[in-house]
Amino acid sequence: MSLLEIRGIAKRFGATVALDGVDLALEAGEVRALIGENGAGKSTLMNILAGAVRADRGEMEIDGRPYVPASPLDARRRGIALIHQELSLCPHLTVAENILLGVEPSRWGGGWIDGDAARRKALALLEHFGHPQLHPDRRVGTLPIAAQQVVEICRALAANARILLMDEPTSRFQREDVDRLFSLIRGLAAQGMAVIYISHFLEEVREIADAYTVLRDGRSVGTGETARASDEQLISLMVGRAMGGLFPERVRSRDGEVILAVDEVAAPPALQHASFELRRGEILGIAGLMGSGRTELVRALFGLERGASGRIAVQGRALAVHGATAAQRLSQGFGYLSEDRTREGLALPLSIADNLTATNLAAVSRRWGWLDLKRQWTAAQRWIDALHIRAQDPIQPARALSGGNQQKVAVGRLLNQDADVFLLDEPTRGIDIGSKAQIYETIARCAEEGKAVLLVSSYLPELFGLCDRLAVMSRGRLSDARPIEEWTPETVLATAIGGSTSA
Ligand SMILES: Nc1ncnc2c1ncn2[C@@H]1O[C@H](COP(=O)(O)OP(=O)(O)OP(=O)(O)O)[C@@H](O)[C@H]1O
Ligand SMILES: [Mg+2]
């Protein structure tokens with residue numbers, strides 16, 4: 001008898017079939033990777049297990065007994081913990097309050113979860129991750145996004161769980177955090193916890209999971225031992241066909257005219273100093289650990305950091321950094337993709353078409369600014385096809401899309417903008433491998449068309465596969481930007497950790 005058994009689970013949202021008969025059996029102590037393209041149904045399955053969504057058909061059993069969770073709280077009591085793909089924390093509450101939300105002994109519930117024990121456990125977990133900013137009394141909204149993810153994990157584990165569901169838990173993590181998380185998972189599995197681990201990184205899947213299950217179009221299409229399957233086999237199971245190269249062929253471009261000159265830009269305390277030049281046709285990568293100041297750099301350039309200082313020149317025109325606003329930057333030809341798509345990237349209640357075309361309304365309007373709905377639909381459909389956005393139609397609200405597909409809309413929306421300089425902060429977070437290739441292709445085409453791209457990424461293969469030059473941020477200081485051939489993954493890491501500016 002398995003610890004968890006799922007048979008024939010199906011779920012539709014209106015006309016969208018999210019799950020179409022999923023089977024899965026999980027043993028105690030097992031770490032199972034759940035993989036598949038964006039929109040394959042992974043998160044929906046997790047939400048059903050965690051009592052947040054009700055299945056239309058199918059059965060679930062825990063220890064051979066029927067399992068029909070009435071609510072997330074009910075699922076939690078049955079020993080299921082879910083780490084959500086999107087952060088689900090309350091920004092105004094403290095770290096400790098967030099962790100203990102729904103765990104505290106309640107007047108009406110009868111204290112089936114021990115609040116004191118949960119608090120002790122949560123504190124121990126916080127300590128395990130050892131982020132200096134992770135004080136239990138700190139307000140969650142003021143934490144960097146990686147630290148918020150740690151809180152999310154600690155919250156899921158504060159109650160005693162037997163089955164842990166992790167929906168892309170590392171998408172906001174640096175390698176160090178990943179290591180800590182993996183050691184935690186190994187410890188929990190050794191104590192008999194069963195884990196379902198969702199990730200778009202096959203490297204991670206191989207490291208942490210003994211077995212995999214592939215979802216495609218809402219069905220389980222393959223299960224096996226990770227060690228016995230090649231990347232190619234896994235990818236072809238996920239996408240239903242073999243895939244070509246991940247990165248586009250590009251001619252390195254490093255001697256276009258300087259389009260953006262950045263001189264001593266700072267935004268203390270996170271960003272101490274950054275100077276570089278960005279040229280037309282070039283993709284300049286920025287590597288660095290989470291919290292090293294990378295995000296603050298792009299935010300400062302885009303006029304989003306209040307205390308920023310320094311100078312920039314756009315096509316030779318000197319502009320102040322202090323006091324600049326995002327509206328000015330937009331009119332000066334900047335486009336910006338935030339690392340936090342749900343807060344700064346997308347309008348979730350609006351349609352996919354509205355989101356995609358909002359950055360370039362002139363292109364889909366008639367004279368006097370009337371929106372031409374047919375042109376808007378056509379323009380949106382072009383992006384939906386180009387980036388393989390899995391949607392019913394362009395008027396679906398962005399909220400109805402899977403996480404990775406929302407990210408694709410955010411990327412499409414930005415690249416649709418008629419900008420000269422694109423500032424991209426983690427553009428492929430949460431995006432499946434096939435769609436990554438599509439996005440790389442689109443970014444490369446932008447560069448080819450004479451735009452300049454600043455690409456902030458934690459994913460080294462994409463920096464090496466795409467960039468012409470690379471600079472590394474360490475403790476708020478940016479190294480010299482050097483041709484990509486002069487870097488190796490080791491020198492990037494050494495610079496990121498050690499802070500030396502020489503490669
Ligand atoms: N609340 C909803 N309303 C309408 N459609 C939905 C809703 N939630 C999910 N869907 C649809 O169900 C399908 C499966 O989505 P799901 O979020 O489970 O995918 P996923 O495998 O987790 O993808 P990703 O890798 O992008 O996170 C998608 O087509 C999605 O658009
Ligand atoms: Mg998902």
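This passage describes the nonpolar cores, a central strand and helix, a metal site and several local backbone features of a predicted model.

The largest nonpolar core contains 50 residues, and Ile-99, Leu-164 and Ile-185 have the most contacts inside it. Helix α5, which spans residues 145-158, supplies the largest share of this core, with nine residues. A second core, separate from the first, has 42 residues, including Val-409, Ile-439, Val-492 and Ala-496. When neighbours within four places in sequence are left aside, Ile-185 is in contact with Val-31, Met-166, Val-195, Tyr-197 and Ile-208.

One of these partners, Val-31, belongs to strand β3 (residues 31-35), in which five of five residues are buried. In a regular strand, side chains alternate between the two faces of the sheet. In β3, Val-31, Ala-33 and Ile-35 point one way, whereas Arg-32 and Leu-34 point the other way, and all are buried. The strand is paired with two others. With β8 (residues 194-198), β3 runs parallel and is joined by four bridges. Within this pairing, Val-195 of β8 is the bridge partner of Val-31; both residues are also among the contacts of Ile-185. With β9 (residues 211-216), the pairing of β3 is again parallel and extends over four bridges. Here Leu-34 stands opposite Thr-213 of β9.

Helix α1 covers residues 42-49, and seven of its eight residues are buried, so the helix is largely enclosed by the rest of the structure. The buried residues are Lys-42, Ser-43, Thr-44, Leu-45, Met-46, Ile-48 and Leu-49. Just after the helix, Gly-51 adopts a positive phi of about 80°.

Ser-43 also takes part in the metal site. The magnesium ion (ligand 2) has Ser-43 (OG) and Gln-85 (OE1) as its protein donors, at 2.0 to 2.2 Å. Ser-43 is part of helix α1, while Gln-85 is in the loop between β6 (80-83) and α3 (95-100); the pair therefore ties together parts that lie 42 residues apart in sequence. Gln-85 has a relative accessible area of 12% and is buried, because this value is under 20%.

A buried charged residue is found in helix α15 (residues 433-448), namely Lys-436. Lys-436 has no salt bridge, and the nearest side chain of opposite charge, that of Glu-462, is 5.8 Å away. This distance falls outside the 4 Å limit for a salt bridge. Apart from neighbours within four places in sequence, the contacts of Lys-436 are His-200, Phe-201, Leu-246, Thr-428, Ile-431 and Tyr-459.

Three sites have notable backbone geometry. Most residues other than glycine have a negative phi, and most peptide bonds are trans. Pro-268 and Pro-269 are joined by a cis peptide bond, with omega about 5°. Pro-269 is in the loop between β11 (258-267) and β12 (271-279). A positive phi, near 50°, is found at Asp-63, in the loop between β4 (57-62) and β5 (65-66). Asp-63 is partly exposed, its relative accessible area being 30%. Arg-475 likewise has a positive phi, near 45°, and lies in the loop between β19 (469-474) and β20 (477-478). With a relative accessible area of 62%, Arg-475 is exposed.

Note on methods
Residues numbered from 1 in each chain as written. Chains lettered and ligands numbered in written order. Predicted model: local features only at pLDDT ≥ 70, side-chain atom pairs only at ≥ 80, totals over all residues. Heavy atoms only, no water. Buried < 20%, exposed > 50% of the residue type's maximum accessible area, 1.4 Å probe, protein only. Lys, Arg positive; Asp, Glu negative; His and termini not counted. Contact = heavy atoms within 4.5 Å. Core = buried A, V, L, I, M, F, W, Y, C linked by side-chain atoms within 4.5 Å. Pairing = 2+ DSSP bridges. Donors = N, O, S within 2.8 Å, 3.2 Å for Na, K, Ca; no water.
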